[in-house]
Amino acid sequence: MIYLVEHFYSIQGEGKYTGTPSLFLRFGGCNMKCEGFGCSETSRTGVDVRGCDTVYAVNKEHFSHSWIPITSVQELLNILDKYELPNAVDIVLTGGEPLIYANDLIFVDFLNALHKNGHKICFETNGSLDVDFEKYPVYKECIFALSVKLSNSGENLKKRVNGDIIFSLASSSKESFFKFSIDRNSINLGLEEEIEDVLIHSPSTPVYCMPVGGSKKEVERNTEPLIEFCKAKGYNFSDRLHIRIWDKNKGV
Ligand code: SF4
């Protein structure tokens with residue numbers, strides 16, 4: 001079963017396409033927890049749930065009341081009709097981890113329909129789940145923002161970094177770029193080597209580094225040290241524009 005958590009029309013706030021008008025669909029569920037990012041959100045039963053900045057789209061146990069079960073491709077396509085989109089805007093599929101649904105036929109049909117209608121399809125993925133590019137060629141038309149997790153996520157190395165999958169996603173898709181989430185404390189704690197160990201799997205893929213943070217205050221705290229890190233390494237800095245503008249507000 002596919003679960004959709006929220007959808008909204010906004011501008012892309014992160015990575016290579018920052019500023020581009022985009023329709024976001026956030027899917028529920030993830031193969032990781034990333035408790036190391038230290039964000040938390042209170043469930044409606046009053047439980048403080050730790051995880052990443054989208055823990056409400058990861059933790060089914062505490063947040064599933066707001067997850068919408070999707071039973072047909074038309075339900076997903078109807079979402080596009082709710083917005084007065086000026087043209088075939090970019091569609092961003094995020095989560096959670098949207099690729100947990102990569103083999104679901106409703107999901108694949110949705111991608112085919114989006115592609116047929118001229119939309120650019122951008123996945124925001126942790127880069128740990130593979131896609132069958134031969135069986136489902138539509139994935140070759142998609143863009144993958146590879147947010148491969150580093151040790152600051154708190155996840156196990158084997159789970160978060162799989163070289164073959166990174167290579168497959170980067171080499172078989174229309175376009176890809178790396179997008180790392182970095183906090184000031186992790187810089188200089190072996191992070192450079194960690195990133196390089198990821199990049200060897202696809203050396204020509206562009207690199208963007210963005211500050212960790214689920215709030216404007218956290219993002220601001222991590223920004224300047226990260227800019228210095230990017231300058232030293234020659235990586236691109238990516239802001240988290242939506243958080244800087246709308247802080248902790250969801251759906252923007
Ligand atoms: S992989 Fe991404 S969505 Fe999943 S828990 Fe980690 S940061 Fe959150």
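Here are five short exercises, each with a worked solution, on a predicted model.

**Exercise 1. Overall dimensions**

Task: Work out whether the radius of gyration of the protein agrees with that of a compact globule or departs from it.

Solution: Start with the chain length, which is 252 residues. A compact globule with that many residues would have a radius of gyration near 18 Å. The protein has 17 Å, which agrees. Next, look at the extents: the C-alpha trace spans about 50 × 45 × 35 Å along its principal axes. Burial adds to the picture, with 42% of the 252 residues counted as buried. Finally, turn to contacts between residues at least 6 apart in sequence: 69% of these join residues at least 24 apart.

**Exercise 2. Reading the sheet**

Task: Find which strands stand at the edges of the open sheet.

Solution: The protein contains 8 helices and 11 strands. An open sheet of mixed pairing is formed by 9 strands, in the order β5-β1-β2-β6-β7-β8-β9-β10-β11. The edges are held by β5 and β11 (236-237), each with a single partner strand, so one side of each has no neighbour in the sheet.

Now follow the pairing at the β5 end. Strand β1 (residues 2-11) pairs with β5 (residues 68-70) in the antiparallel sense, over 3 bridges. Within this pair, L4 stands opposite I68, and Y3 has P69 as its bridge partner. Strand β1 also pairs with β2 (residues 21-27), again antiparallel, over 7 bridges. There, H7 is matched with L25 in β2.

**Exercise 3. One side of a helix**

Task: Determine which residues of helix α5 are buried, and where they lie around the axis.

Solution: Helix α5 covers residues 163-172, and its buried residues are I166, L169 and A170. They span an arc of only 95 degrees around the axis, which puts them on the same side of α5. A general rule helps here: an α-helix has 3.6 residues a turn, so residues three or four places apart point the same way. To see what covers these buried residues, look for β8 (143-146), β9 (175-182) and α6 (191-199), which are among the covering elements.

**Exercise 4. The ligand shell and C34**

Task: Describe the residues around the ligand, then decide whether C34 is buried or exposed.

Solution: The shell holds 14 residues, of which C30, M32, C34, C52 and N126 come nearest to the ligand. By type, the shell divides into 5 nonpolar, 6 polar and 3 charged residues. Take C34 from the nearest group: its place is the loop between β2 and β3 (39-42). Around C34 there are 23 other C-beta atoms within 10 Å, and the cut-off for a buried residue is 20 or more, so C34 is buried. The backbone deserves a look too, as phi of C34 is near 50 degrees, a positive value in a residue other than glycine.

**Exercise 5. Backbone features in loops**

Task: Find which peptide bond is cis, and classify D247 and G190 by exposure.

Solution: Begin with the general expectation: most residues other than glycine have a negative phi, and most peptide bonds are trans. The bond from G95 to G96 is cis, with omega near 15 degrees. G96 sits in the loop between β6 (90-94) and α3 (105-116).

D247 follows α8 (241-246) and has a positive phi of about 55 degrees without being a glycine. With 13 other C-beta atoms within 10 Å, D247 is partly exposed.

G190 belongs to the loop between β9 and α6. G190 has 12 other C-beta atoms within 10 Å and is exposed. In sequence G190 and S151 are 39 residues apart, while their C-alpha atoms are 9.5 Å apart in space.

Key:
Residues numbered from 1 in each chain as written. Predicted model: local features only at pLDDT ≥ 70, side-chain atom pairs only at ≥ 80, totals over all residues. Near = placed C-beta within 6 Å. Nonpolar A, V, L, I, M, F, W, Y, C, P; charged D, E, K, R; others polar. Helix = DSSP H or I, 4+ residues; strand = E, 2+ residues; numbered from the N terminus. Arc of directions from axis to C-beta. Contact = placed C-beta atoms within 7 Å. Rg over C-alpha atoms; globule rule 2.2 N^0.38 Å. Pairing = 2+ DSSP bridges.
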